[in-house]
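Please walk through the structure below, taking its charged pairs, its aromatic rings and its helix positions in turn.

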Amino acid sequence: MKKTVIEIYAMAVCFVAVVCLVISLGIGLYDIMEISNPAFTISSYEYKKHQSNESFIKGDCGNEKETFADKKILTDEEITRQRLASFQNLIAIERRDAFQSLTIVAIILILDIILFFIHWRIAKRARNNGTI
């Protein structure tokens with residue numbers, strides 16, 4: 001049975017949709033992992049920076065008003081409090097970014113599924129009828 005141009009086009013779109021679906025699912029699974037365990041997906045640099053007061057003092061805390069000199073006059077308890085607060089803020093940011101990415105992935109998946117099924121039906125009709 002000879003394939004029509006429409007069937008070939010529709011099947012090519014279905015193939016691209018499946019590839020896009022697989023990539024989106026992978027990104028979505030990573031986003032779900034990021035939401036459930038944001039401390040695991042934080043960059044190594046950020047994670048190491050928040051593990052001790054010394055590394056926190058040496059690293060950038062994300063607050064432009066604080067400088068290395070400001071940290072030197074703080075007590076160890078104050079530095080620890082700021083370090084833990086900074087780490088909680090970092091986790092909240094990581095989780096929020098993951099929710100944003102998961103929302104984008106969900107939109108892409110919905111569009112991808114719609115595109116796939118429309119073109120699958122076009123290919124099926126072209127195969128059965130020889131035309132649309």
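In this predicted model, the side chains of Lys 3 and Glu 7 form a salt bridge, with an N to O distance of 3.7 Å. Glu 7 also takes part in a salt bridge with Arg 127, where the N to O distance is 3.0 Å. This second pair joins distant parts of the chain: Glu 7 belongs to helix H1, Arg 127 belongs to helix H6 (residues 76–129), and 120 residues separate them. Lys 3, Glu 7 and Arg 127 are thus members of a network of salt bridges.

How exposed or buried are the partners of the bridge between the two helices? Glu 7 has a relative accessible area of 3% and is buried, because a value under 20% counts as buried. Arg 127 has a relative accessible area of 31% and is partly exposed, because its value falls between the 20% and 50% limits.

How many salt bridges does a search of the whole structure find? The search gives three. Besides the pairs made by Glu 7 with Lys 3 and with Arg 127, there is a salt bridge between Lys 49 and Glu 46, whose closest N and O atoms are 3.2 Å apart. Lys 49 and Glu 46 are both in helix H3 (residues 44–49), where they are three residues apart, or about one turn of the helix. Both of these residues are buried. The bridge within helix H3 spans three residues of sequence, whereas the one from Arg 127 to Glu 7 spans 120. In general, side chains of opposite charge can pair when their charged atoms come close.

The cysteines can be dealt with briefly. The count of disulfides is zero. Cys 14 is buried, at 3% relative accessibility, while Cys 20 is partly exposed, with a relative accessible area of 31%.

The aromatic side chains come next. A pair of aromatic rings is described by the distance of the centres and the angle of the planes. The count of aromatic pairs comes to three. One of them is formed by Tyr 47 and Phe 87, with 6.2 Å from centre to centre and 65° between the planes, and it is edge-to-face. The reason for that label is that planes over 60 degrees apart count as edge-to-face. Tyr 47 is in helix H3 and Phe 87 is in helix H6, so this pair ties together parts that lie 40 residues apart in sequence. Tyr 47 is partly exposed, at 35% relative accessibility, and Phe 87 is buried, at 13%.

Phe 116 and Trp 120 show another arrangement of rings: their centres are 5.7 Å apart and their planes are at 20°, so this pair is stacked. The angle qualifies because planes under 30 degrees apart count as stacked. Both residues are in helix H6, and as they are four residues apart, about one helical turn separates them. Trp 120 is partly exposed, with 35% relative accessibility. Phe 116 and Trp 120 join Phe 117 in one aromatic cluster.

Back in helix H1, which covers residues 5–36, several positions can be compared by their surroundings. Gly 28 lies in this helix and is buried, with a relative accessible area of 6%. Which residues does Gly 28 contact, leaving aside its neighbours within four places in sequence? They are Leu 102 and Val 105. In addition, the C-alpha atom of Gly 28 is 8.9 Å from that of Ala 98, a residue 70 places away along the chain.

Leu 29 is also in helix H1. Is Leu 29 buried or exposed? Leu 29 is exposed, with a relative accessible area of 60%, because exposed means over 50%. The C-alpha atoms of Leu 29 and Val 105 are separated by 9.8 Å, with their positions 76 residues apart along the chain.

Ile 23, another residue of helix H1, is exposed as well, at 53% relative accessibility. Ile 23 contributes to a nonpolar surface patch of about 480 Å², together with Phe 15, Val 16, Val 19 and Ile 27. Helix H1 therefore holds both the buried Gly 28 and the exposed Ile 23.

Conventions: Residues are numbered from 1 along each chain as its sequence is written. This is a predicted model: local features need pLDDT of at least 70, side-chain atom pairs count only at pLDDT 80 or more; totals for chains, interfaces and linings use all residues. Side-chain values use heavy atoms; hydrogens and water are left out. Helices (H or I, at least four residues) and strands (E, at least two) are DSSP runs, numbered from the N terminus. Buried means under 20% relative accessible area, exposed over 50%, partly exposed in between (1.4 Å probe, protein chains only). Contact means heavy atoms within 4.5 Å. Patches are made of residues with over 30% relative accessible area and no salt bridge: like charges are joined within 9 Å, nonpolar side chains (Val, Leu, Ile, Met, Phe, Trp, Tyr) within 5 Å. Accessible areas come from the Shrake-Rupley method with a 1.4 Å probe; for residues, only the protein chains shown count as cover. A salt bridge is a side-chain nitrogen of Lys or Arg within 4 Å of a carboxyl oxygen of Asp or Glu. A disulfide is a pair of cysteine sulfur atoms within 2.5 Å. Rings of Phe, Tyr and Trp (its six-membered ring) pair if their centres lie within 6.5 Å; planes under 30 degrees apart count as stacked, over 60 as edge-to-face and the rest as tilted.
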